[in-house]
Amino acid sequence: VASLHVSILGEDESSTPFQPAPGGAWNARPLYLDGMVEPLLIAEAPDHGIPGKVWDGGLILAEFLARNPALVKGKRAVELGAGTGLVGITAGAVGAREVLVTDLEEHVPIIVDTIALNRHLGLAHVQAVPLLWGSIFSPASEGGWDLVLGSDIVYEPTSWDPLVRTINSLSAENTTVLIAHRPRHEDDAIFWDALKSGYDVETFPFQSELYPLTDDITIYAARLKRQPAGDEAEGQDGDVGDAK
């Protein structure tokens, strides 16, 4: 449920008609995360449908990134199906060096609103761009994307195949895909099986401190399957295995 602007008027007072932000946002929800002196302000626009509000998976993944900044600091990240842009903007705020926050073209303005609301966090390195799943997306320069982020994006079966294709186009040898997922469809396993055909996928426990009653969201980490030769050392700083 989106938090909406509310005004309390006296008996003889009149209200000024509410004007949404340029991208259509009705309000800005504050979100307080670990390590941040000031809150993130997340633009919401209920009349934009699914992408116009913050989903629980986004709240959980944003909290996870804020509590594990070593996973993000200095990395190049792209968020898929961003909606309001919460996860990608959190990545930018906690130290990512480059972030692309993506969704369908008609939903990009709400992300632009959210980025504008958070100028105080220094987000010049965060951009909102349109991306249709299934299309081939150019990799980042200097070795590709380090992180591919998504939250509550595995809910529509017709999107699973194009989503996997887009993840493939963004992934390189050192890319980590992080997806916060709440089961919503009885055939969810079809998506995960498709992803596991090309990726090593693991899950790990994460207990939210901000939303302790939300215990049905799992964070998945996926990396391209590697050839047997050339195994890399484990436990490097910033590995998902170090997450808490």
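Two strands pair if DSSP finds at least two bridges between them. Strands (E, at least two residues) and helices (H or I, at least four) are DSSP runs, numbered from the N terminus. The model is predicted: local features need pLDDT of at least 70, side-chain atom pairs count only at pLDDT 80 or more, and totals for chains, interfaces and linings use all residues. Residues are numbered from 1 along each chain as its sequence is written, and side-chain values use heavy atoms, with hydrogens and water left out.

**Exercise 1. Lay out the sheet.**

Task: In what order do the 7 strands of the open sheet stand?

Solution.
- Step 1. The order is S5-S4-S3-S6-S7-S9-S8, with mixed pairing.
- Step 2. Find the edges. S5 (126–130) and S8 (199–204) each have a single partner strand, so one side of each lacks a neighbour in the sheet.
- Step 3. Add the twist. Neighbouring strands are turned by 20° against each other on average, direction ignored. Axes here are lines fitted to C-alpha atoms, for helices over the stretch in contact, and angles run from 0 to 180 degrees between N-to-C directions.

**Exercise 2. Walk through the pairings.**

Task: In which sense, parallel or antiparallel, do S7 and S9 pair?

Solution.
- Step 1. Begin at S5. S4 (residues 98–103) pairs with S5 in the parallel sense over 5 bridges. Thr102 faces Val129 of S5.
- Step 2. S3 and S4 are parallel, over 4 bridges. Here Glu79 stands opposite Val101.
- Step 3. S3 also runs parallel to S6, joined by 4 bridges. The bridge partner of Glu79 in S6 is Leu149.
- Step 4. S6 and S7 pair in the parallel sense over 5 bridges. Leu149 stands opposite Leu178 in S7.
- Step 5. S7 and S9 pair in the antiparallel sense, over 5 bridges. Leu178 stands opposite Ala221 in S9.

**Exercise 3. Place the helices.**

Task: Which strands does helix H4 touch?

Solution.
- Step 1. Take H3 (residues 108–117). This helix lies across S4 and S5, at about 175° to S5.
- Step 2. Take H4 (residues 160–170). H4 packs on the sheet and touches S3 (76–80), S6 (147–151), S7 (176–181) and S8. Its direction makes about 170° with that of S3. Contact means heavy atoms within 4.5 Å.
- Step 3. Check handedness. S3, H2 (residues 86–93) and S4 make a right-handed β-α-β unit. A crossover is right-handed if, with the strands pointing away from the viewer, the path from the first strand over the helix to the second runs clockwise.

**Exercise 4. Test burial.**

Task: Are the residues of S3 buried or exposed?

Solution.
- Step 1. Set the cut-offs: buried is under 20% relative accessible area, exposed over 50%, partly exposed in between (1.4 Å probe, protein chains only).
- Step 2. In S3, 5 of the 5 residues are buried, so the strand is largely enclosed by the rest of the structure.
- Step 3. Split S3 by side. Arg76, Val78 and Leu80 point one way, Ala77 and Glu79 the other.
- Step 4. Turn to S7, where 6 of 6 residues are buried. Thr176, Leu178 and Ala180 cover one side; Val177, Ile179 and His181 lie on the other.

**Exercise 5. Find the core.**

Task: Which residues touch the most other members of the largest nonpolar core?

Solution.
- Step 1. A nonpolar core is a set of buried Ala, Val, Leu, Ile, Met, Phe, Trp, Tyr and Cys residues joined through side-chain atoms within 4.5 Å.
- Step 2. The largest has 41 residues, and Phe64 and Ile219 touch the most other members.
- Step 3. H1 (56–67) is among the elements supplying at least two residues. H1 gives the most, with 7.
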